[in-house]
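Hello,

Here is the structure I promised to pass on. Please take a look, then read my notes on the aromatic rings below.

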Amino acid sequence: MLVLLAGIFVVHIATVIMLFVCTIANVWVVSSAGNASVGLWNNCTNTFCNETLLYATEDALKTVQAFMILSIIFSAISLLVFVFQLFTMEKGNRFFLSGATMLVCWLCVLVGVSIYTNHYANGLVNNYQSGYHHGYSYILAWICFCFSFIIGVLYLVLRKK
């Protein structure tokens, strides 16, 4: 049981780190030549990052930014609640609070990445029809979506023995 708890703890820490990296990094869309990338915050060309996105004032981008930040916050809170429950909870109880908080994180990632996919990843709004593909931040966000769901469900069904 200790190995299972340690494994979930390590995956949860990795999820928090990956959420932070995918939110901060400006590599959501990358040019095929590798000389330009676009993120949630900046456009980058070669080694220079410009702070003006073509669609920086759009509400959809601000919504994606907000939900990705919320996902980091809820994931970190869930980690802290898990550690707190681990040492204070009686044997046989479940990690309901940490699981519910992690599922809220999962929902935030789902909403944020889905809005980004709908508005920007298809290339219609940002004028990147050809020669661009998804970057590692976009892929990490979807991986975090899967991990946060799995961790949330595991917390809900896990009993402290």
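Is W106 partly exposed or buried? With a relative accessibility of 21%, W106 counts as partly exposed, because buried means under 20%. Please keep in mind that this is a predicted model.

Now the ring pairs. The structure has 10 aromatic pairs. Two of them are described here.

One is F82 with Y155. Their ring centres lie 4.8 Å apart, and the planes meet at 25°. That makes the pair stacked, because planes under 30 degrees apart count as such. The pair connects distant parts of the chain. F82 sits in helix α2, which covers residues 59–88. Y155 belongs to helix α4, residues 136–157. The two are 73 residues apart. Both rings belong to buried residues: F82 has a relative accessible area of 1%, and Y155 has 0%.

The other is W106 with F145. Here the ring centres are 5.8 Å apart and the planes are at 25°, so this pair is stacked too. It also links distant parts of the chain. W106 is in helix α3, residues 96–121. F145 is in helix α4. They are 39 residues apart. F145 counts as buried, at 17% relative accessibility, whereas W106 is partly exposed.

Last, a cluster. Ring pairs join F9, F82, F95 and Y155 into one group. F82 and Y155 are the stacked pair from above.

Best wishes

Definitions and conventions:
Residues are numbered from 1 along each chain as its sequence is written. This is a predicted model: local features need pLDDT of at least 70, side-chain atom pairs count only at pLDDT 80 or more; totals for chains, interfaces and linings use all residues. Side-chain values use heavy atoms; hydrogens and water are left out. Rings of Phe, Tyr and Trp (its six-membered ring) pair if their centres lie within 6.5 Å; planes under 30 degrees apart count as stacked, over 60 as edge-to-face and the rest as tilted. Helices (H or I, at least four residues) and strands (E, at least two) are DSSP runs, numbered from the N terminus. Buried means under 20% relative accessible area, exposed over 50%, partly exposed in between (1.4 Å probe, protein chains only).
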